[in-house]
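The exercises below are meant to be worked through with the sequence and the structure side by side. Try each task before reading its solution.

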Amino acid sequence: MKILGIDPGLDRTGWALLEQSGTGPGRLLRAGLFHTAADEPLHVRLSGLYDSFTELLAGERPDECAIEEVFFTKRAKTQSETVHARGVILLACARAGVPPKGYNPRSIKQNLTGSGSAAKPQMQRMVQLILKLDRPLEPDDVSDAAAIALFHARRAPFERLAAAGRRK
């Protein structure tokens with residue numbers, strides 16, 4: 001199973017593609033960063049982000065996607081831009097037939113590190129250890145995307161079992 005993890009942002013959107021077989025954490029297939037130019041108008045940046053994700057989804061054909069939910073910060077402009085970026089990413093995923101599951105950042109941190117308030121370097125180190133990488137993924141947006149995919153890989157099987165139980 002291929003899982004695409006997404007850390008949305010207008011300036012920088014991290015993504016990581018994991019391949020999971022069995023019950024282990026899986027292995028990192030590819031990861032990257034989509035960047036939009038701050039001097040471009042919002043609609044141009046969003047269009048570029050949509051096109052980038054459409055191409056990624058068509059090329060990699062993930063089985064499942066996981067995306068970080070937006071959390072409220074004191075910086076309203078950044079939050080608004082992230083909401084816009086997340087929206088076009090959700091649209092690209094839906095059109096590709098792989099609507100993503102959203103996860104709270106604190107839950108991801110709690111699951112991977114034991115602390116819902118883990119710092120970026122701690123998250124990067126845990127992702128490195130879990131995926132058995134030679135060095136931490138950089139920048140942190142890419143590492144965060146891998147963390148989201150790892151969290152989904154751990155949680156999704158239980159959600160599938162629960163859903164199957166509810167259908168009976």
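## Exercise 1: Charged pairs

Task: Find how many salt bridges the whole structure holds, and describe the one between Asp 11 and Arg 45.

Solution. A search of the whole structure, which is a predicted model, finds 7 salt bridges. In one of them the side chains of Asp 11 and Arg 45 meet, with 3.9 Å from N to O, and this falls inside the cut-off of 4 Å. The next step is to place the two partners: Asp 11 sits in the loop between strand S1 (2-7) and strand S2 (12-19), while Arg 45 belongs to helix H1 (residues 42-60), so that the pair links distant parts of the chain, 34 residues apart. The last step is to look at their surroundings, where Asp 11 is partly exposed with a relative accessible area of 36%, whereas Arg 45, at 9%, is buried.

## Exercise 2: Further pairs

Task: Describe the salt bridge of Glu 19 with Arg 27, and then state which elements are tied together by Lys 120 and Asp 144.

Solution. Begin with Glu 19 and Arg 27, whose side chains form a salt bridge of 2.9 Å, N to O. Glu 19 counts as partly exposed at 31% relative accessibility, and Arg 27 is also partly exposed, with a value of 48%.

Turn next to Lys 120 and Asp 144, whose side chains meet in a salt bridge at 2.4 Å, N to O. Because Lys 120 lies in helix H4 (residues 120-131) and Asp 144 in helix H5 (residues 140-167), the pair ties together parts that are 24 residues apart in sequence. Lys 120 is partly exposed, with a relative accessible area of 40%, but Asp 144 is buried, at 8%. To finish, note that salt bridges sharing partners join Lys 2, Arg 30 and Glu 60 into one network.

## Exercise 3: The nonpolar cores

Task: Work out which elements build the largest nonpolar core, and find what Leu 112 touches.

Solution. The largest nonpolar core has 22 residues, and those with the most contacts inside it are Ile 108, Leu 112, Val 127 and Leu 150. Two or more residues of this core come from each of S2, helix H3 (105-113), H4 and H5, and the largest share, 9 residues, is given by H5. For Leu 112, set aside the neighbours within four places in sequence; the residues in contact with Leu 112 are then Met 123, Met 126, Val 127, Ile 130, Ala 147, Leu 150, Phe 151 and Arg 154. Apart from this core lies another, of 20 residues, among them Leu 4, Phe 34, Phe 53 and Cys 65.

## Exercise 4: The chain as a whole

Task: Give the order of helices and strands, and decide whether the radius of gyration agrees or disagrees with that of a compact globule.

Solution. The chain has 5 helices and 5 strands, and along the sequence they follow the pattern β-β-β-α-β-α-β-α-α-α. For 168 residues a compact globule would have a radius of gyration near 15 Å, and the chain has 16 Å, so the two agree. The C-alpha atoms fill a box of roughly 45 × 35 × 30 Å along the principal axes. Of the 168 residues, 43% count as buried, and among contacts between residues at least 6 apart in sequence, 59% join residues at least 24 apart. As a final step, consider the surface: the chain exposes about 9200 Å², of which carbon and sulfur atoms supply 52%.

Definitions and conventions
Residues are numbered from 1 along each chain as its sequence is written. This is a predicted model: local features need pLDDT of at least 70, side-chain atom pairs count only at pLDDT 80 or more; totals for chains, interfaces and linings use all residues. Side-chain values use heavy atoms; hydrogens and water are left out. Helices (H or I, at least four residues) and strands (E, at least two) are DSSP runs, numbered from the N terminus. Buried means under 20% relative accessible area, exposed over 50%, partly exposed in between (1.4 Å probe, protein chains only). A nonpolar core is a set of buried Ala, Val, Leu, Ile, Met, Phe, Trp, Tyr and Cys residues joined through side-chain atoms within 4.5 Å. Contact means heavy atoms within 4.5 Å. The radius of gyration is taken over C-alpha atoms; the globule rule is 2.2 Å times the number of residues to the power 0.38. Accessible areas come from the Shrake-Rupley method with a 1.4 Å probe; for residues, only the protein chains shown count as cover.
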